[in-house]
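The following exercises concern backbone geometry and a pocket. Each task is followed by a solution in steps.

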Amino acid sequence: MTPKDVVAFATEKGAKVLDIRFLDFPGVWQHFSVPISEFSESSFEDGYGFDGSSIRGWQPIHASDMLVLPDATTAKMDPFFEVPTLVLIGDVVDPITREPYSRDPRHVARKAEAYLKSTGIGDTAYIGPEAEFFIFDDIRFECSRHRAFYEIDSIEGIWNTGRDEGPNLGYKPRLKQGYFPVPPMDKFQDLRTEMMLVLEDLGIAIEAQHHEVATAGQAEIDMRFQPLLQMGDQLMWFKYVLKNVAARNGHTVTFMPKPLFGDNGTGMHTHLSIWKEGQPLFAGDGYAGLSQEALYAIGGVLKHARAICAFSNPTTNSYKRLVPGFEAPVNLAYSSRNRSAAIRIPMYSASPKAKRFEFRTPDPSCNGYLSFSAILMAALDGITNKMDPGDPLDKDIYGLPPEELAKVPSAPGSLEEALMALKEDHAFLLKGDVFTADVIDTWIDYKITNEINDVKLRPHPQEFALYFDI
């Protein structure tokens, strides 16, 4: 839509409020609202001012004024607000120079798409994330000087088989046995369908929804692939819709990678394909029907995977899921069909248009704009420098003898490791000024100061179980 189209759309829908949305640096949506009387075609050039010093990872207080410019192509009506509200996602700029703000994640994604075109390799990067999540009935947590706990509850939790539920009707998925059971074992079919239909009403194409492996309401809803920036926007809508549909039904949704001990964590397998002039670049007659460019792209992602994890797996909790020997793909290898490899080539379809590869390490706690951009930049680096990914690993990685497994590189074991990998390996991200040195340095500093050190300084409940009587 053009600015003129958006104004007409707002009138047609009877919008009384405009809601402006943008991301903080870690990747959480922020918003403020203005009456629709404050909105016109000129708003797309004039923008709306806000305090950038109050946004995580952004401006110092002495340079706090920022401007957000609405993007006309993002116009949607909010499906949850009582008053008809037009939503526009905005791009953040400096109010004096009008230059795009380097730490605006959406700006990074725009530059990644522009860099792809500048290389001549392709003109469109399609991203297809499979974001898993948990639906819980109750969540309580506290972390103070003298006490720390969390408590999760779910009607589906296997730990509730003996609870008096007046009556308890059973049918609770066992640990690691929640994949695809029909109701009454699957208690959230209708809720996931409601989520799916709200997403479709917003114009977001959905391919499937289903229960996932873990007990206690683990689920997945798959969006159809879209260009990188558009998918970054859709992932924000995706999280927003799922959380709000759950809330209005008395549930809560989390994208935290590892909320449950002893069962599967939550990943976000991310599919990538590059196209040029309407033709898929990754289809060919090589391994698993891939082109040489696709194999080089895989080589790039494998080479830079440890650094990518700083963006694709950006929380301390991410590495409770990425543990060797369990369900997460920590081994940096590629394969067709083999889901224990970090990169898998899906073999569902023989169509060249469906040819892509799937990076299975990421999780949905990530800032999608930054994660998708980092994956694309690694793939482009692989193609540009003709990086050989080596031989595929079509064996069961978990069944390899120790001496053979030792030869397979591994994903980082902690967020600190991932950030150190990013510090040592980020030249590929700086190409085309896609990621700036400021963005990378600020990301590393923010994560260490506000997350890693915050967790390190606190005793863990399990430490009391292990050491109190020592």
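**Exercise 1.** Does Asp433 count as buried, partly exposed or exposed, and what is its relative accessibility?

*Solution.* The model under study is a predicted one. Begin with location: Asp433 sits in the loop between helix 11 (427–430) and helix 12 (437–456). Next, apply the cut-offs: buried means under 20% relative accessible area and exposed means over 50%, with partly exposed in between. Asp433 has a relative accessibility of 46%, and therefore counts as partly exposed. Its backbone is also notable: phi of Asp433 is near 60°, a positive value in a residue other than glycine.

**Exercise 2.** Locate Arg98 and state its phi.

*Solution.* Arg98 belongs to the loop between strand 6 (85–93) and helix 3 (105–119). Its phi is positive, about 65°, although Arg98 is not a glycine. Most residues other than glycine have a negative phi. For accessibility, Arg98 has a relative accessible area of 40% and is partly exposed.

**Exercise 3.** Describe the cis peptide bonds at Pro167 and Pro184.

*Solution.* Gly166 and Pro167 are joined by a cis bond with omega of about 0°. The bond from Pro183 to Pro184 is likewise cis, with omega near 10°. Pro167 lies in the loop between strand 9 (148–153) and helix 4 (189–201), and Pro184 is placed in the loop between strand 9 and helix 4.

**Exercise 4.** Which element gives the most to the lining of the second largest pocket?

*Solution.* The lining comprises 39 residues, with Glu130, Glu220, His269, His271 and Arg339 nearest the pocket centre. Strand 7 gives the most, with six residues. By class, the lining holds 15 nonpolar, nine polar and 15 charged residues.

Methods:
Residues numbered from 1 in each chain as written. Predicted model: local features only at pLDDT ≥ 70, side-chain atom pairs only at ≥ 80, totals over all residues. Heavy atoms only, no water. 1 Å grid on protein atoms, 1.4 Å probe; cavity = no way out; pocket = protein on both sides within 12 Å on 5 of 7 lines; lining within 4 Å. Helix = DSSP H or I, 4+ residues; strand = E, 2+ residues; numbered from the N terminus. Nonpolar A, V, L, I, M, F, W, Y, C, P; charged D, E, K, R; others polar. Buried < 20%, exposed > 50% of the residue type's maximum accessible area, 1.4 Å probe, protein only.
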